[in-house]
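Hi there,

Here is the structure I promised to pass along. Have a look at it first, and then read on for what turned up.

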Amino acid sequence: MEEETRYFYQPDLTRTLICWSWTFIVFIIGLVVWLEITHFQWITATFFVIFLALVVLEVKRRTVLMTPSKLVFSRLLQKDYMVIPLADIRQPHFTKHTVTMTVNGEVLNFTFTNKGIRRLQTLIDLQGKVAE
């Protein structure tokens, strides 16, 4: 039986900054509407609820399922998962919280927790030993 573990991740820095900036714009719109009307209204509450829903989605929806043979990335607004077979990963480079890898000629960057990075590094090392 394959051991499966799930970790949270964030995409590369550029995508993360853009996504979180749009999220905070919703919060700022709610704040501006609240201050412009001078008292709390339902439209302000709606913007704050949308903001909170986006924050929860951005944190909880971005997960990667690590199995001994592949990585399955769930993405925020796309229903199709990104599946990366470990055998297709080339030139992995690990730092304390990030991994940079080349998959089918495309360079991918992800940010993980320390535990997630260690697990991914172990999986890639094991896959390399199996391939030899």
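Does R62 count as buried or exposed, and why? Keep in mind that this is a predicted model. R62 counts as buried because its relative accessibility is 6%, and the cut-off for buried is under 20%.

As for where to find it, R62 lies in the loop that runs between α2 (42-60) and β3 (63-66). Leaving aside residues up to four places away in sequence, R62 touches Y7, F8, Y9, Q10, P11, C19, W20, L57, S74 and L76. With one of these, Q10, there is also a polar contact, made side chain to side chain at 3.0 Å. If you would like a distance to check on your screen, try R62 and V49: they are 13 residues apart along the chain, and their C-alpha atoms are separated by 20 Å.

Now to the sheet. It is an open one, built from 4 strands in the order β1-β3-β4-β5, with antiparallel pairing. At the edges sit β1 (5-8) and β5 (82-85), each of which pairs on one side only. From one strand to the next, the twist averages 20°. In general, strands of a sheet pair through backbone hydrogen bonds, in either a parallel or an antiparallel way.

Which strand does β4 pair with over 4 bridges? That partner is β5, and β4 (residues 70-73) meets β5 in the antiparallel sense. Within this part of the sheet, F73 stands opposite M82, a residue of β5.

Happy to go through any of this with you whenever it suits.

Best wishes

Terms used: Residues numbered from 1 in each chain as written. Predicted model: local features only at pLDDT ≥ 70, side-chain atom pairs only at ≥ 80, totals over all residues. Heavy atoms only, no water. Helix = DSSP H or I, 4+ residues; strand = E, 2+ residues; numbered from the N terminus. Buried < 20%, exposed > 50% of the residue type's maximum accessible area, 1.4 Å probe, protein only. Contact = heavy atoms within 4.5 Å. Polar contact = N/O pair within 3.5 Å; in protein donor to acceptor, adjacent residues only side chain to side chain. Pairing = 2+ DSSP bridges. Axes fitted to C-alpha atoms, helices over the stretch in contact; angles between N-to-C directions.
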